[in-house]
Amino acid sequence: MILLDMDGVCFDMLGAIKKRNNAFKPEKVESYDFKQGDYGISRKEVLKLLAEPETFSMQSMYGGIYDAVYRLSRLGKTVGYTSVPEDCVDIRRKQIDLLGVDPCVFIGKKPVITSATVVIDDDPSVLDMYKGMDTKCFLVSHTYNKDYNADHVIRVDCVGEAVKILEGSK
């Protein structure tokens, strides 16, 4: 099973926050938890926006994501592996449906899925959960995870790059 994260991997959450508050500077976010960086608005405001359905509704898909997800799905069962606030579950399910993959939506921390053969995510802490397992881990690069390095993780710029690597290993 291929686990595909949504925010920061398929959908542009930082861009949606910028749409909601133009003072936000996504390129200045230096940590996944928004504890580092001078990104134009308070951490409290970012966390508030991250919990609102309006922000989820304003996300756009990254370029090339449809093709990348289609190709990924040809390599194995692919699921949208994501965690959202409870009142955003329906929005997220609709977004995942647009991609044509099965939803695997959680409220709170994502669990380890032991049957996963591949995980594509932008959160280093999620990929750390798969260390020592026979799971190929890809980290989609962003300013907030630029300092993360781990031997079990392959850094990529986008889902399409991960797909190319996986296609080459078949």
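The largest nonpolar core of this predicted model holds 40 residues, and Leu4, Phe24, Ile120 and Val159 touch the most other members. Many elements feed this core. At least two residues each come from β1 (2-4), α1 (13-20), α2 (43-50), α4 (65-75), α5 (89-99), β4 (118-121), β5 (136-140) and α7 (159-168). There is also a second, separate core of 15 residues. Leu3, Leu127, Tyr130 and Val153 are among its members. In soluble globular proteins, nonpolar side chains tend to be buried together.

**The whole protein**

Now step back to the overall fold. The protein has seven helices and six strands. Starting at the N terminus, the order is β-α-α-α-α-β-α-β-β-α-β-β-α.

How does the radius of gyration of the protein fit that of a compact globule? It agrees, because a compact globule of 170 residues would have a value near 15 Å and the protein has 15 Å. Along the principal axes, the C-alpha atoms fill a box of roughly 45 × 35 × 30 Å.

Buried residues make up 48% of the 170 residues. Contacts also reach along the chain. Among those with a separation of 6 or more, 57% join residues 24 or more positions apart.

The accessible surface comes to about 8,500 Å². Carbon and sulfur atoms account for 51% of that surface. As for charge, there are 23 positive and 26 negative side chains. The centres of these two sets lie 1 Å apart.

**Four residues side by side**

| Residue | Place | Relative accessible area | Class |
|---|---|---|---|
| Ile120 | strand β4 | 0% | buried |
| Phe34 | loop between α1 and α2 | 9% | buried |
| Leu50 | helix α2 | 21% | partly exposed |
| Lys25 | loop between α1 and α2 | 36% | partly exposed |

Ile120 sits in strand β4. Is Ile120 buried or exposed? Ile120 counts as buried, because its relative accessibility is 0%. Beyond residues up to four places away in sequence, Ile120 touches Leu3, Leu4, Asp5, Val9, Leu72, Phe138, Val140, Val159 and Ala162. Two of the core residues named at the start, Leu4 and Val159, are in that list. Phe106 is 14 residues from Ile120 along the chain, and their C-alpha atoms are separated by 16 Å.

Phe24 is another of those core residues. Which residues is Phe24 in contact with, leaving aside its neighbours within four places in sequence? They are Leu14, Ile17, Lys18, Val29, Phe34, Tyr39, Ile41 and Val46.

Phe34 lies in the loop between α1 and α2. Its relative accessible area is 9%, so Phe34 is buried. Its backbone deserves a look too. Most residues other than glycine have a negative phi. Phe34 has a positive phi, near 65°.

Leu50, in helix α2, also touches Phe34. The other contacts of Leu50, not counting residues up to four places away in sequence, are Met13, Ile17, Phe56 and Pro85. Met13 is 37 residues from Leu50 in sequence, with 8.2 Å between their C-alpha atoms. Why does Leu50 count as partly exposed? Its relative accessibility is 21%, and buried means under 20%.

Lys25 shares the label partly exposed, because its relative accessible area is 36%. Its place is the loop between α1 and α2. Leaving aside neighbours within four places in sequence, Lys25 is in contact with Asp38, Tyr39 and Gly40. Tyr148 is 123 residues from Lys25 along the chain, and 21 Å separates their C-alpha atoms.

Key
Residues numbered from 1 in each chain as written. Predicted model: local features only at pLDDT ≥ 70, side-chain atom pairs only at ≥ 80, totals over all residues. Heavy atoms only, no water. Helix = DSSP H or I, 4+ residues; strand = E, 2+ residues; numbered from the N terminus. Rg over C-alpha atoms; globule rule 2.2 N^0.38 Å. Buried < 20%, exposed > 50% of the residue type's maximum accessible area, 1.4 Å probe, protein only. Contact = heavy atoms within 4.5 Å. Areas by Shrake-Rupley, 256 points an atom, 1.4 Å probe, with all protein chains shown as cover. Lys, Arg positive; Asp, Glu negative; His and termini not counted. Charge placed at Lys NZ, Arg CZ, Asp CG, Glu CD. Core = buried A, V, L, I, M, F, W, Y, C linked by side-chain atoms within 4.5 Å.
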